[in-house]
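Student: Before we accept the labels attached to this model, could we go through the reasoning behind each of them?

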Amino acid sequence: MSTTTKKPLLLPAFFTMKCPSCRKGFVFQNRSVFPLGKTVAIKEKCEVCGQKLLSEKNNGAGMNYALTMVVFLLNLLWYCPLYISFKKNPNENWYENNSVEWYLASSIFVVIVLQPWLMRMSRMVYLYLYVSFGASSEATDKNV
Ligand SMILES: [Zn+2]
């Protein structure tokens, strides 16, 4: 209760893309996702605690695929009520019109628009998997 240094919360630090070790330093080189060529450029070390952030295996491609699938599923949450409310013929089934194609097209559009943030999030997931809070830099060197 009476700790002088308050530990920053995990989820806000994760979604604001802070260092997993101190949860204060920003992980990426640019605050903005633009320019897109440097979207996933990570700082070599955290400027607050010195935690090593950049590693050879730091590619979030598999995690990016998983996040893309999550976005596709989340798109169902807004697409289904929209589809049901705009359905012209109440006796028509979902496979008798182009609703699946519209769902896929809109989901692909959303995923493409969100891609820079999804790529950053997938890198963040890997960083938070490998680096725990308060970890020193030599502790993570063996994971590289
Ligand atoms: Zn840090």
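Tutor: Let us begin with helix H2, which in this predicted model bends by about 30° at Trp-78, with a proline, Pro-81, following within four residues.

Student: How do you know that the length of H2 agrees with its number of residues?

Tutor: Helix H2 covers residues 61-86, and at 1.5 Å a residue its 26 residues should span 38 Å; the C-alpha atoms at its ends are 37 Å apart, which agrees with that expectation.

Student: What makes H2 a helix that lies largely in the open?

Tutor: A residue counts as buried if 20 or more other C-beta atoms lie within 10 Å of its own. Of the 26 residues of H2 the number buried is one, so the helix lies largely in the open.

Student: Why is H2 called oblique to H3?

Tutor: The axes of H2 and helix H3, residues 99-130, come within 7 Å and cross at roughly 140°. Angles over 145 degrees count as roughly antiparallel and those from 65 to 115 as roughly perpendicular, and the crossing angle of roughly 140° falls in neither class, so H2 is oblique to H3. The crossing is right-handed, and by class the contact has 15 nonpolar, seven polar and no charged residues.

Student: Why is Ser-132, in the loop between H3 and helix H4, called exposed?

Tutor: A residue is exposed if 12 or fewer other C-beta atoms lie within 10 Å; Ser-132 has 11, and is therefore exposed. Its C-alpha atom is separated by 5.8 Å from that of Ser-21, although the two residues are 111 residues apart along the chain.

Terms used
Residues are numbered from 1 along each chain as its sequence is written. This is a predicted model: local features need pLDDT of at least 70, side-chain atom pairs count only at pLDDT 80 or more; totals for chains, interfaces and linings use all residues. Helices (H or I, at least four residues) and strands (E, at least two) are DSSP runs, numbered from the N terminus. The expected span of a helix is 1.5 Å times one less than its number of residues. The bend at a residue is the angle between axes fitted to the seven residues ending there and the seven starting there. Axes are lines fitted to C-alpha atoms, for helices over the stretch in contact, and angles run from 0 to 180 degrees between N-to-C directions. Angles under 35 degrees count as roughly parallel, over 145 as roughly antiparallel, 65 to 115 as roughly perpendicular and the rest as oblique. A crossing is left-handed if the near helix is turned anticlockwise from the far one by less than a right angle, and right-handed if clockwise. Ala, Val, Leu, Ile, Met, Phe, Trp, Tyr, Cys and Pro count as nonpolar, Asp, Glu, Lys and Arg as charged, and the others, Gly among them, as polar.
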